[in-house]
Amino acid sequence: MMNGSVELGAVKVFTTDSRGFTAEEMADRASDRLLRINNRSELKRVLAQYFKEAQDSERMNLRRKLDENGHSDAAKLLGD
């Protein structure tokens, strides 16, 4: 007979209300994760993920501002 246990990691969910994440919020989210990385390829993968999220957040903020100021046609050009 074999005994063992499984420990699951914590799941964290971060949200904003009608805006993308700020640079400080993204840095806060990324710092815990980056400090646990011990190889270059994983570091590159995680950094690329957070850079993509930063681009998406900025795009969301721009779309919202354009839309709020009556430029919904320009906002649509930025995509979903």
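In the predicted model, a salt bridge joins Arg-64 to Glu-68, with 3.2 Å between the closest N and O atoms. Both residues belong to helix 2, where a spacing of 4 residues places about one helical turn between them. The two partners fall into separate accessibility classes: Arg-64, at 26% relative accessibility, is partly exposed, whereas Glu-68 has a relative accessible area of 56% and is exposed. The cut-off for the exposed class is over 50%, so Glu-68 at 56% lies within it.

Further salt bridges were found along helix 2. Lys-52 pairs with Asp-56, and the closest N and O atoms of this pair are 2.9 Å apart. Here too the residues are 4 apart in helix 2, a separation of about one helical turn. Lys-52 is partly exposed, with a relative accessible area of 45%, and Asp-56 is likewise partly exposed, at 31% relative accessibility. This pair does not stand alone, as a network of salt bridges links Lys-52, Asp-56 and Arg-59.

The side chains of Glu-42 and Arg-45 also meet in a salt bridge, with an N to O distance of 2.9 Å. These residues are 3 apart in helix 2, again about one turn of the helix. Glu-42 is partly exposed at 27% relative accessibility, and Arg-45 is partly exposed at 42%. Over the whole structure, the search yields 6 salt bridges.

Turning to the interior, the largest nonpolar core consists of 5 residues, namely Met-26, Ala-30, Ile-37, Val-46 and Tyr-50. At least two residues of this core come from helix 1 (23-35), and at least two come from helix 2 (40-68). Because membership of a nonpolar core requires burial, and buried means under 20% relative accessible area, each of these residues falls below that limit.

The largest pocket holds about 330 Å³ of space. Its lining is formed by Ala-10, Lys-12, Phe-14, Phe-21, Asp-28, Arg-29, Asp-32, Arg-33, Arg-36 and Tyr-50. Helix 1 makes the greatest contribution to this lining, supplying 4 residues. By residue type, the lining comprises 6 charged and 4 nonpolar residues, with no polar ones. Among the charged residues are Lys-12, Asp-28 and Arg-36, while the nonpolar residues include Phe-14 and Phe-21. Tyr-50 appears in two of these descriptions, as a member of the largest nonpolar core and as a lining residue of the largest pocket.

Note on methods. Residues numbered from 1 in each chain as written. Predicted model: local features only at pLDDT ≥ 70, side-chain atom pairs only at ≥ 80, totals over all residues. Heavy atoms only, no water. Core = buried A, V, L, I, M, F, W, Y, C linked by side-chain atoms within 4.5 Å. Buried < 20%, exposed > 50% of the residue type's maximum accessible area, 1.4 Å probe, protein only. 1 Å grid on protein atoms, 1.4 Å probe; cavity = no way out; pocket = protein on both sides within 12 Å on 5 of 7 lines; lining within 4 Å. Points joined across faces, edges and corners; volume = space filled by probe spheres on them. Salt bridge = Lys/Arg side-chain N within 4 Å of Asp/Glu carboxyl O.
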